[in-house]
Amino acid sequence: MMAANLLEKLRQMLLDMQHSGRLSHIEPGLYDDARAYIEKRKTDYYDLKNPLESRAGGLLIEEIGSVTETVQEIFSVRTRQILDLAYQQIEGQYFDKDEGRKMLPEERAMYERIINAIEECREALVHGEAAPFGGDGAAAGARGDEADGTPEPRGTPAAPVPRSIRSPYALVHIRSDVESFMGMDGRTYVLKMGDIVTLPENNADVLCEHDIALNIRLNK
C-alpha cells in the first residue's frame with residue numbers, strides 16, 4: 001500500500017465502491033497507511049531547498065491534497081453505506097451478513113451505536129416506553145430545569161443539551177506567516193509560510209479569503 005501508486009489504488013478503490021453501491025472489503029490498515037504516506041510526503045516537501053518555488057514542491061502539494069481528499073471520500077462513501085445497512089436492519093429488511101462482515105472494527109462500533117440510538121428514540125417517541133438515550137438529552141434537560149425551580153411552560157420544547165461540534169477540516173498550504181490563533185476545534189495554531197496543515201474548515205476559509213492560505217483540493 002505504501003508503493004508510489006498509492007493514489008491510483010485509492011482512486012480505483014473509490015470507483016469500485018461507488019460503482020457497486022455495496023460495502024466492500026478494505027485493508028484494515030488502509031487509513032493508517034494513508035496517514036503515514038501523507039506524513040512522509042510532507043517530510044519530503046519540507047526537505048526541499050525551496051519548496052515554494054520548485055516544481056517538485058508543487059507536485060508534492062498536489063499529491064498530498066489528492067490522497068487526503070480521496071481518503072476522506074472513501075470514508076464518506078462507506079459511512080453512507082453503513083447508514084443504509086443500519087436502516088435496513090431497523091426496518092427488518094434483508095440484511096446481507098457478508099456485507100456486514102466487511103466493516104472495520106471502528107465502523108462496526110459506529111453501526112451498532114446508530115442502531116441502538118434509533119431503537120431507543122423509537123421506543124421513546126412512538127411507544128413512550130423509555131427515556132431516550134438512557135435519560136440523556138431533552139428529557140434529562142427538562143428534568144434539570146425543574147430541579148432548578150424554573151420549569152419550562154407546558155408544551156415548550158426543552159433546549160437541546162449543548163455538545164461539542166467537530167467541524168469539517170480542510171487541507172491548506174500557508175502562503176505567509178500567521179499570528180497564533182485559536183481554531184474552531186479549540187486548538188492553538190502557530191503557522192508559518194510554506195506549512196501544509198489541516199485546519200477546521202471555517203478557519204481555513206477565512207485564511208483563504210485573505211489570500212493567506214491556499215485550499216488544497218482534489219486533483220482529479
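This short talk walks through the packing and side-chain pairs of one structure.

Keep in mind that we are looking at a predicted model.

Let's start inside. Which residues have the most contacts inside the largest nonpolar core? They are Leu10, Ile26, Tyr31, Val67, Ile74 and Ile196. The core itself has 24 residues. Three elements give it two or more residues: helix H1, at 6-20, helix H2, at 30-47, and helix H3, at 55-90. H3 provides the largest share, with seven residues.

Now find Tyr31 on the screen. Set aside its neighbours within four places in sequence. Tyr31 then contacts Ile26, Val71, Ile74, Phe75, Arg78, Leu104 and Glu107. Two of those names, Ile26 and Ile74, were also on the list of residues with the most contacts in the core.

There is another core, apart from this one. It has 12 residues, including Ala170, Phe181, Leu191 and Leu199. Remember Phe181. We will come back to it.

Stay with helix H3 for a moment. Gln81 sits in this helix. Is Gln81 buried or exposed? Its relative accessibility is 8%, so it counts as buried; the cut-off for buried is under 20%. And what does Gln81 touch, beyond residues up to four places away in sequence? Met17, Gly21, Arg22 and Leu23.

Next, helix H5. It runs over residues 105-127, which makes 23 residues. At 1.5 Å a residue, H5 should span 33 Å. Its end C-alpha atoms are 32 Å apart, so the expected span and the model agree. Which residues of H5 are buried? Glu107, Tyr111, Ile115 and Ala124. Note Glu107. We met that residue as a contact of Tyr31. The buried residues of H5 pack against H2 and H3. Just past the end of H5 comes Gly128, with a positive phi of about 60°.

On to charges. How many salt bridges does a search of the whole structure find? The count is 13. I will show three.

The first example is Asp32 with Arg35. Their side chains meet at 2.3 Å, N to O. Why are these two separated by about one helical turn? Because they are three residues apart in helix H2. Asp32 has 43% relative accessibility, so it counts as partly exposed. Arg35 is at 51%, so it counts as exposed. The cut-off for exposed is over 50%.

The second example is Asp44 with Arg41. This salt bridge is 2.7 Å, N to O. Again we are in helix H2, and again the two are three residues apart, so about one helical turn separates them. Look at the accessibility here. Asp44 has a relative accessible area of 19%, so it is buried. Arg41 has 22%, so it is partly exposed. This pair also belongs to a network of salt bridges, which links Lys40, Arg41, Asp44 and Glu63.

The third example is Asp211 with Arg175, at 3.0 Å, N to O. This pair links distant parts of the chain, 36 residues apart. Where are the two residues? Asp211 is in the loop between helix H7, at 201-209, and strand S5, at 213-215. Arg175 is in the loop between strand S1, at 169-174, and strand S2, at 178-182. Asp211, at 49% relative accessibility, counts as partly exposed. Arg175 is partly exposed too, with a relative accessible area of 40%.

Last topic: rings. To describe a pair of aromatic rings, we give the distance of the centres and the angle of the planes. The whole structure has two aromatic pairs. One is Tyr45 with Tyr46. Their ring centres are 5.4 Å apart and their planes are at 75°, so this pair is edge-to-face. Planes over 60 degrees apart count that way. Tyr45 is buried, at 0% relative accessible area. Tyr46 is partly exposed, at 40%.

The other pair brings back Phe181, now with Tyr189. Here the ring centres lie 5.6 Å apart. The planes are at 25°, so the pair is stacked; the cut-off for stacked is under 30 degrees. Tyr189 is buried, with a relative accessible area of 9%. And Phe181, as we saw, is one of the residues of the 12-residue core.

That's the tour. Thank you.

Note on methods. Residues numbered from 1 in each chain as written. Predicted model: local features only at pLDDT ≥ 70, side-chain atom pairs only at ≥ 80, totals over all residues. Heavy atoms only, no water. Core = buried A, V, L, I, M, F, W, Y, C linked by side-chain atoms within 4.5 Å. Buried < 20%, exposed > 50% of the residue type's maximum accessible area, 1.4 Å probe, protein only. Helix = DSSP H or I, 4+ residues; strand = E, 2+ residues; numbered from the N terminus. Contact = heavy atoms within 4.5 Å. Salt bridge = Lys/Arg side-chain N within 4 Å of Asp/Glu carboxyl O. Phe/Tyr/Trp six-rings, centres within 6.5 Å; stacked < 30°, edge-to-face > 60°. Expected span 1.5 Å × (residues − 1).
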